[in-house]
Amino acid sequence: MLWLNLLINGLVWGCALGMVAVSFSLIFATTRFFHVAHAAVYGLGGYVSWSALKHGLPEWAALLVGIVVCGLAGAAIQKLLYERLDRRGATHLVILIASLGLSAVMQNGIAAIYTSNVLQYGLPWGNRTTIIGGALLTNTQMLTVVFGILSYLGAMWFAHRTVLGKRMRAVASNPFLAEITRLQPRQVHIAVMAIGSALVCIPGVLVPLDLGLQPFGGVPILLTATIAVIAGGVGSISGAFVLALVIAVLQNLSLLVMPGEWSIGITFGIFVIFMLFRPRGLFTG
Amino acid sequence: MTAYLQVTGLNKRFGGLQALRDCSFTVGQGRITCLVGPNGAGKTTIFNAITGFLVPDTGHVEFQGRSLDGQSPQQIVHHGIARTFQNLRLFADLTARDNVLAGMQDHVGEGPLGAIFRPFHTARALAAKQDAAMAVLAHVGLQDRASALVRNLSYGEQKLLCIARILATGAELLLLDEPTSGLSGAALTEVMALLRRLQAEGKTLLVVEHNTRVVQQIADDVLFLHHGHLLAHGSPAEIIADPKLAEIYFGGTL
Amino acid sequence: MDFLTTYIVLAEIYVLLGLSTNLLVGIVGIFSVSQAAVFGVGAYLTAFLLMHTALPFPVAVLLAAAFCVGLNILVTLPSLRVSGDYFVVTSFGIQLLATAVFTNWTGGTGGANGLPGVPAPLILGHEFTEPTEFIALTTIGMALGCLCFWLMMRAPFGALLRAIREDELAVAALGKSVLGAKVSAAALAGAFAGSAGGLYATFLSFVDPSSFDLDASIFLLTMVVVGGARTLAGSVLGPFVLLALPQILALIDIPTSIAAAARQLIYGLLLIVFMLFRPQGLLGEKL
Amino acid sequence: MLRISTIALALALAVPASAQTIKLGAVLPLTGPAAVIGMQEQRGIQFAVDEVNAKGGVAGHKIEMLFEDNQAKPDQSVLLFNKLVDLQKVPAVFTGYSGPSLAMAPLAGRKKTLLVNGGAQADALDKASPYLINTIPVLAGELEVLANYLVADAGKKTAAILFENNAAGIAGRDDFLASFEKAGGKVLAQEPVPFGDTNYRPALLKLAATSPDVVFVVITSGTPQLADQVRQIDAKFTVVGSTFFSDPELIANPNAEGFTHTQVLINAPEGMAAAFKAKYGTEFDFFPKQYYNAATVVMTCVEKLLKDGKPVTGENLLAALKEIKTFKGLTTTVFNTNTAATQINMNRINGKQDNLLKVIAPK
């Protein structure tokens with residue numbers, strides 16, 4: 001039953017990827033530039049929680065500390081960097097480059113403090129397994145699924161049921177209109193960055209809990225998540241989450257028919273072709 | 001006799017909005033025709049359809065007896081039709097002269113191979129084009145501002161530069177989208193004088209215009225558009241005298 | 001002084017890459033983060049031709065450059081259909097796809113092992129092995145590249161490209177072919193990157209995927225940004241400054257265990273500071 | 001002015017050699033994903049050098065180490081190699097990772113500078129340059145031992161391969177494939193994982209589906225995560241590997257029970273490992289030990305040259321190395337060729353201990 005195992009494995013990984021995609025979707029749909037440093041915020045969450053755990057905090061409190069720190073970091077990044085750049089009329093290219101710089105600062109800062117070694121949380125309960133649907137799943141993997149679904153539902157609730165979420169969607173659909181109708185897009189941007197950054201801390205802890213912490217690990221995950229965000233339709237939280245699941249499952253199942261070294265290449269290859277045929281182009285404004 | 005510009009049965013639907021509905025009209029050669037109508041009447045959509053920026057769902061455009069259907073904006077300029085934009089779309093980081101140069105249709109040195117392998121030929125052609133560009137700028141009265149960056153020009157100067165830029169293409173039919181909006185006083189008078197001068201030189205003008213005073217002063221013909229449909233056409237006096245049209249124009253929707 | 005000449009040779013190769021990136025990103029405004037992929041194809045192709053055929057060095061480099069012309073047009077095509085922020089992501093995708101091919105196509109690229117033993121250039125019976133000799137080749141390459149760039153920028157072609165960056169629609173309304181100009185620019189950028197690849201492969205005598213990954217593409221972008229976008233001077237200055245930067249940062253005394261990470265951190269900080277306070281770079285125009 | 005500096009130069013040359021510091025270089029990946037290992041290598045070298053300096057240096061000369069960060073990139077490696085050789089006149093440069101080593105190898109030959117690799121095991125390094133010295137055996141030799149043991153001693157006939165998709169992993173795959181089939185076994189499947197990725201599950205699932213007797217794993221880091229994931233799929237196969245398995249974190253992992261591997265023998269005395277841990281806060285692992293050993297080899301050659309009154313140049317170092325041939329560092333290292341032969345052990349991890357199964361002496 002290789003295919004079933006791969007399918008389940010894909011779904012679990014898809015939930016982790018989905019959390020990153022949902023968090024990035026909130027940010028990208030609102031601010032519309034490529035916040036590459038999100039990958040570094042993802043890394044930050046894992047390391048902060050690791051430190052909290054090593055200082056004797058219980059697991060839930062360590063995660064909470066990570067979430068709060070990431071949220072504050074996200075707000076600070078928006079307020080101190082992106083907003084300033086925006087006020088100076090910076091193009092998106094300039095913001096992208098600044099974001100790449102920030103990424104380098106954060107990742108290397110983490111590497112300088114924690115070394116580049118693969119760190120482990122050292123929580124034995126994480127590796128205990130249960131048989132579910134014919135496949136053995138670890139507690140960490142089950143937590144990933146639970147948090148994945150909760151994050152998705154939480155993000156949907158936030159976007160559609162809360163005042164801030166509604167303001168966020170208004171700003172996303174028409175920034176100019178939002179400006180003149182006193183929706184205060186700048187405040188909305190800060191709030192959305194904080195929420196997206198806080199959210200990405202959850203996979204930022206759960207994935208390393210399973211696979212170990214590395215300072216430079218976030219970029220490939222963010223890029224795959226970004227594909228899900230764009231292919232799923234920017235602004236659509238469901239689209240991002242579902243596409244993340246689809247990509248993860250397909251990457252796993254592709255092993256049935258070909259060697260694994262090509263799965264990343266093919267994922268991005270398909271995406272490039274997709275972008276050629278489903279453009280958001282020149283004259284649609 | 002075929003009309004200079006003949007627009008027949010244009011329809012265009014954007015989602016639930018019928019932007020153009022069986023829209024037909026003609027423009028006579030050498031005349032100034034004003035396109036009027038309330039906001040959202042489809043005036044800019046007509047411009048887009050004529051100049052190839054928009055493919056209508058149905059309908060035809062003919063210019064001097066030749067069909068323009070399915071042609072790209074670029075090809076349509078080569079037929080002798082050029083347009084301006086309501087929001088100007090000047091190249092803000094280029095000088096006024098370079099904006100005009102960009103409109104010139106002499107393509108020497110506009111490809112990389114010519115630029116690299118025939119540098120002297122390119123330089124000579126460029127010098128000639130710059131002289132021509134200066135002449136065009138002089139024509140609209142901007143010769144003193146040739147080296148200024150567009151972002152440093154006044155709004156009125158920018159409006160004039162828009163016209164200069166399409167004059168540089170050598171087009172015979174000029175489609176001007178609100179050339180006087182936002183202008184008053186001397187600047188307004190200057191643009192109006194330029195439009196008459198262009199007419200005197202043999203150009204044909206199709207102008208989107210909101211200011212009824214301007215329409216009265218410059219238009220030979222007026223086309224009244226409403227909900228994407230040509231509601232009326234005639235002389236300025238006839239259109240302005242029609243109380244029904246005035247009601248639509250000033251009183252909002254009918 | 002092989003250290004100095006090696007530095008100059010590498011910087012000159014990177015100037016060609018800087019011109020390539022500047023042309024696309026700075027001048028036409030195409031957000032490409034996959035220029036290292038095209039550079040890599042030029043390097044691998046030159047290495048392959050020199051190792052497996054009897055073609056002389058100049059022919060091999062020309063063939064590689066010609067291939068990169070086609071390739072760069074192909075990878076830039078999505079930018080004609082997709083707007084800026086979406087294209088960045090597409091471009092990241094192209095870069096990762098290229099890295100996957102470089103790493104996994106063992107038959108063509110040597111895979112992750114790379115291709116060692118690329119023969120040194122042999123021109124008119126003389127072998128260019130030492131940096132002191134090789135510098136002649138890269139200097140000629142760089143000079144030709146700069147000349148082309150300068151000629152283009154002063155010709156109407158340059159003005160057309162700048163106009164496209166500002167407003168494609170307006171350019172189309174003036175009867176100009178936006179597609180044609182973009183394709184031409186992409187072709188030239190491909191030729192620059194491809195020939196840089198040929199020089200790079202023969203200078204190091206070794207190619208492997210690590211030189212052409214996402215970090216390399218970002219490094220190219222940084223060079224253009226720090227040097228200055230849209231100017232010839234910026235494209236030349238950027239590579240020289242950025243290649244010297246690690247050596248300058250090495251002078252700062254930091255405990256060895258964190259020194260390297262701290263230097264990378266400072267480098268990131270520089271990017272942010274430039275974007276905040278000097279987006280035009282050292283010698284460029286505002287991005 | 002010119003005269004004064006000439007005099008100064010003459011004086012400097014006339015000063016007895018004992019006052020001079022001897023500079024050695026190292027070009028290693030100290031940032032980026034490869035830094036995990038590069039930093040360990042750096043610590044190993046520095047630890048050996050500090051130890052020697054604390055005892056008064058090599059024949060009275062202090063050793064100064066100059067580290068450069070190449071981020072595992074070949075162009076930076078070449079630039080930094082030239083920097084060390086030109087500006088600092090180092091006679092020997094330590095390297096790691098096969099790509100950078102292969103890029104520097106031709107230069108080492110031209111510049112007559114000793115290039116010392118203590119960590120990369122790709123076969124291409126064996127004959128890359130007369131001046132490239134590998135103080136660790138290439139993987140082919142080690143895996144031949146493993147394959148023979150598996151087929152002849154343990155009776156394992158079928159295998160699958162999980163490899164890291166980089167030079168080290170690919171070399172391991174190719175060498176194991178050749179050795180295992182030569183020994184009479186059969187390789188059923190192979191799967192790569194991207195370098196730095198610690199999610200091995202899909203690949204493990206696919207390999208497990210072919211029901212091999214053993215799965216040969218060649219990954220340089222992330223082995224504890226591998227053990228957890230092998231355990232999770234309730235694998236029926238034995239996991240076998242090379243020296244990379246002698247990672248204390250792996251050995252301490254209960255899920256690594258039964259993992260069998262070759263080990264290029266390298267043992268540190270108790271006190272030394274503790275001192276290392278006290279100094280750097282990390283274990284005295286395989287790579288620090290190997291680079292400690294490599295540094296010892298080079299410093300032994302330096303010592304011989306100084307005692308013989310010869311200048312410390314790359315050319316002389318190479319000659320001294322060939323002459324000494326057998327080094328007693330952390331392990332006995334024999335240079336019959338440019339690549340060292342050392343003792344290889346077969347080990348199995350049982351009860352959080354790495355237990356010796358068999359010893360294979362250097363040929």
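# Where the chains meet, and what lies inside them

Let us start at a meeting place: 39 residues of chain C are in contact with 41 residues of chain A. On the chain C side, the elements that give two or more residues are helix H3 (57-81), helix H4 (84-104), helix H10 (214-227) and helix H12 (256-277). H4(C) provides the largest share of that side, with 14 residues. Sorted by character, the chain C residues that touch chain A are 29 nonpolar, 7 polar and 3 charged. Please keep in mind as you read that this is a predicted model.

Let us stay with H4(C) for a moment. This helix has 21 residues, and the distance from its first C-alpha to its last is 30 Å, close to the 30 Å expected at 1.5 Å a residue. H4(C) is also mostly covered, as 19 of its 21 residues are buried.

Now cross over to chain A. It contains 11 helices and 2 strands, and following the sequence you meet them in the pattern α-α-α-α-β-β-α-α-α-α-α-α-α. What radius of gyration would a compact globule of 285 residues have? The expected value is near 19 Å, and chain A has 19 Å, so the two agree. Along its principal axes, the C-alpha trace of chain A spans about 55 × 50 × 35 Å. Of the 285 residues in chain A, 59% are buried. If you take the contacts in chain A with a separation of 6 or more, 77% of them join residues 24 or more positions apart in the sequence.

Helix H1 of chain A, residues 2-31, deserves a stop of its own. Its 30 residues should span 44 Å at 1.5 Å a residue, and its end C-alpha atoms are 42 Å apart, which agrees. Is H1(A) largely enclosed or largely open? A residue counts as buried when 20 or more other C-beta atoms lie within 10 Å of its own. By that test 26 of the 30 residues of H1(A) are buried, so the helix is largely enclosed by the rest of the structure. Just after H1(A) comes A:Arg32, which takes a positive phi of about 70°.

H1(A) also takes part in the largest nonpolar core. This core has 414 residues, and the members that touch the most other members are A:Leu17, A:Ala21, A:Ala228, A:Ala244 and B:Ala164. H1(A) gives the largest share of the core, 17 residues. To see one of these residues in its surroundings, find A:Ala21. Leaving aside residues up to four places away in sequence, A:Ala21 touches A:Ala225, A:Ala228, A:Val229, A:Ala240, A:Phe241 and A:Ala244.

Chain A has a contact with chain D as well. Here 26 residues from chain A meet 28 residues from chain D. On the chain A side, H1, helix H4 (92-114) and strand S2 (135-138) are the elements that give two or more residues. The largest share of this side, 4 residues, comes from H1(A). The chain A residues that touch chain D divide into 10 nonpolar, 15 polar and 1 charged.

That brings us to chain D itself. Its domain assignment gives domain 1 (20-137 + 268-334) and domain 2 (139-267 + 344-360). The centres of these two domains of chain D, taken over C-alpha atoms, are 28 Å apart. Where the domains meet, 20 residues of domain 1 of chain D are in contact with 20 residues of domain 2 of chain D. On the domain 1 side, helix H2 (35-54), helix H4 (98-111) and helix H11 (286-308) of chain D each supply at least two residues. H11(D) gives the most to that side, with 4 residues. The domain 1 residues that touch domain 2 of chain D are 10 nonpolar, 6 polar and 4 charged.

We finish with two details of the backbone. Most residues other than glycine have a negative phi. In chain D, however, D:Gln71 has a positive phi near 50°. D:Gln71 lies in the loop between strand S2 (63-69) and helix H3 (74-87) of chain D. With 21 C-beta neighbours inside 10 Å, D:Gln71 counts as buried. D:Lys112 also has a positive phi, near 50°. You will find D:Lys112 in the loop between H4 and strand S4 (114-117) of chain D. Is D:Lys112 buried or partly exposed? It has 16 C-beta neighbours inside 10 Å, so D:Lys112 counts as partly exposed.

How values were computed. Residues numbered from 1 in each chain as written. Chains lettered and ligands numbered in written order. Predicted model: local features only at pLDDT ≥ 70, side-chain atom pairs only at ≥ 80, totals over all residues. Expected span 1.5 Å × (residues − 1). Buried ≥ 20, exposed ≤ 12 C-beta atoms within 10 Å, placed from the backbone. Contact = placed C-beta atoms within 7 Å. Nonpolar A, V, L, I, M, F, W, Y, C, P; charged D, E, K, R; others polar. Domains from an automatic or database assignment. Rg over C-alpha atoms; globule rule 2.2 N^0.38 Å. Core = buried A, V, L, I, M, F, W, Y, C linked by C-beta atoms within 7 Å.
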